[in-house]
Amino acid sequence: MKMKHVNARLICQVSAAAALVLAGNAMAADAFSSDSKWMTGDWGGERTKLIEQGIDIKADYVGEVGGNLNGGYNDDKTARYADQFGLGVALDLQKLWGWDNTQAKIQLTNRNGYNISNDRVGDPRAGTLSSSQEVYGRGHMVRLTQLWIQHQFFDNKLDVKAGYFGEGEDFNTFPCDFQNLAFCGSQVGNWATNIWYNWPVSQAAIRVKYNINDELYAQIGAYNQNPSQLEHGNGFKLSGSGTKGTVLPVELVWSPKVNSLPGEYRVGYYKSTADADDVREDVNGFDAATTGDDYKSHSSKSGYWFVAQQQLTSHNGDATRGLNIAANATFHDKDTNFIDNYQSVMFVYKGPFDARPKDDVGIGAARIHVNKDVKRNAELLNASNGVSDYDNAAFSPIRETEYNYEINYGFHVTDWLTVRPNLQYITHPGGVDEVDNALVAGLKIQSTF
């Protein structure tokens with residue numbers, strides 16, 4: 001899709017948003033107000049009344065543009081645009097029906113568009129390990145992303161959530177303000193191949209959390225592992241047909257105050273009970289790429305993670321502003337997982353200028369390492385096929401380590417609109433040394449209607 005098509009799509013999106021704004025403006029004087037939480041305002045006070053009654057209607061939009069400025073597999077310059085619309089409702093069932101300490105939520109999402117990483121940044125035979133447009137993926141379709149009910153017991157010590165939702169909502173959670181996928185959301189879901197499904201895919205699930213004290217809690221979950229839910233047209237599938245196993249995560253979360261500034265530290269472990277193929281060995285323990293026999297099957301796969309977020313400084317005594325640091329690390333089963341480890345670090349300064357106290361500036365670096373057995377398997381496959389030239393279409397690219405970097409600035413235009421231009425640099429896209437390092441210009445738009 002060339003730039004003129006991107007521009008046409010942007011015009012359509014802006015026109016649709018403007019129509020929605022005008023509709024909201026007809027209902028409420030504070031629509032379009034810079035200090036309103038919603039673009040369409042409070043609907044003449046009706047929205048606040050609904051929230052007070054226990055009904056919180058949520059509508060949001062994320063749009064991302066990525067353009068290849070230099071390098072990559074294909075340096076024919078163009079741009080890609082991807083977006084996501086969300087519509088849902090959060091329910092306080094205590095207010096609605098008198099059910100003490102009970103909440104519920106329904107959420108629909110719709111994704112569309114294209115990704116610059118697929119055919120410009122990365123070699124299509126290998127792809128990229130991360131993505132320059134994190135909102136891309138899981139099909140151009142409407143999905144049921146959340147359908148759950150949650151209840152607290154024993155003076156809120158015990159919290160149980162059940163229904164349809166993804167692991168990343170509760171386990172290995174992380175914000176999504178950067179545009180590159182390596183700095184956005186639950187990272188286990190990005191690298192635990194084919195078992196942990198991040199937003200917007202939902203799974204039949206239950207999560208049990210126990211609050212040990214005000215700063216510490218432990219939780220465990222069980223999520224149906226059903227690859228058929230990834231298929232196009234199965235966005236509303238609620239049946240268990242196609243189930244392969246269960247993903248079992250467990251996590252300890254500590255939220256201390258350090259010098260009166262907030263922090264959050266997570267350590268967790270997951271196990272999948274589904275069968276998983278070995279990345280190199282065949283059923284007899286030899287190299288499958290050489291023998292041609294089926295890959296050995298393992299009865300499970302597992303991994304663990306660590307997440308740290310800490311505000312380091314305040315700005316002239318204002319704790320809503322200041323420097324924050326975050327770090328992620330995941331480690332995965334080397335017998336069965338394509339990626340065996342990942343690490344990232346990010347710095348975000350909130351409120352960098354007195355004239356722009358709600359803006360933020362961020363910088364991040366990430367390392368994604370391919371399992372050495374995957375590399376060896378590709379080398380053996382090329383030898384078996386008698387192929388040694390990278391430019392041969394039959395060549396299997398050798399993948400090792402990809403590095404992603406991003407710097408961005410978040411313009412907090414209003415309380416309902418953030419515009420975040422960014423620059424990304426990808427070293428060895430897809431972990432393939434033959435692919436030139438790539439420079440990508442991005443733009444992320446986040447809005448709440």
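**Nonpolar groupings, a disulfide and a loop glycine**

Ile363 is partly exposed, with a relative accessible area of 46%. The model described here is predicted. Ile363 is placed in strand β16 and belongs to a nonpolar patch on the surface, together with Leu69, Leu312, Val345, Phe347, Ile407 and Leu423. The accessible area of these residues together is about 550 Å². Ile363 is not counted as buried, because its 46% is not under the 20% limit for that class.

The interior was examined next. In soluble globular proteins, nonpolar side chains tend to be buried together. The largest nonpolar core of the model comprises 29 residues. Within this core, the most contacts are made by Trp196, Tyr270, Trp305 and Ile368. At least two core residues come from each of α5 (188-191), β13 (301-311), β15 (339-350) and β16 (360-370). The strand β15 gives the most, with four residues.

Trp196 illustrates how parts of the chain meet at one side chain. When neighbours within four places in sequence are left aside, Trp196 is in contact with Tyr270 and Trp305, which are also listed with Trp196 among the residues with the most contacts inside the core. The other contacts of Trp196 are Glu167, Gly168, Phe171, Asn172, Ser186, Val188, Gly189, Val247 and Pro249. Another core lies apart from the largest one and has nine residues, including Tyr61, Ala79, Tyr81 and Trp416.

A covalent link was also found. A disulfide is a covalent bond between the sulfur atoms of two cysteines. The structure holds one disulfide, formed by Cys176 and Cys184, with their sulfur atoms 1.6 Å apart. This separation meets the criterion for a disulfide, because 1.6 Å falls within the 2.5 Å limit. The link of Cys176 and Cys184 is left-handed, with -75° about the S-S bond. Cys176 is partly exposed, at a relative accessible area of 24%, whereas Cys184 is buried, at 4% relative accessibility. The two cysteines are therefore classed apart, since the value of Cys184 is under 20% and that of Cys176 lies between 20% and 50%.

The last site considered is a glycine. Gly240 is located in the loop between β7 (216-225) and β8 (245-254). Gly240 is partly exposed, with a relative accessible area of 46%. Along the chain, Gly240 and Glu169 are 71 residues apart, and their C-alpha atoms are separated by 21 Å. Glu169 follows Gly168 in the numbering of the chain, and Gly168 is one of the contacts of Trp196.

Conventions: Predicted model: local features only at pLDDT ≥ 70, side-chain atom pairs only at ≥ 80, totals over all residues. Heavy atoms only, no water. Core = buried A, V, L, I, M, F, W, Y, C linked by side-chain atoms within 4.5 Å. Buried < 20%, exposed > 50% of the residue type's maximum accessible area, 1.4 Å probe, protein only. Contact = heavy atoms within 4.5 Å. Patch = residues over 30% accessible without salt bridge, like charges linked within 9 Å, V, L, I, M, F, W, Y side chains within 5 Å. Areas by Shrake-Rupley, 256 points an atom, 1.4 Å probe, with all protein chains shown as cover. Salt bridge = Lys/Arg side-chain N within 4 Å of Asp/Glu carboxyl O.
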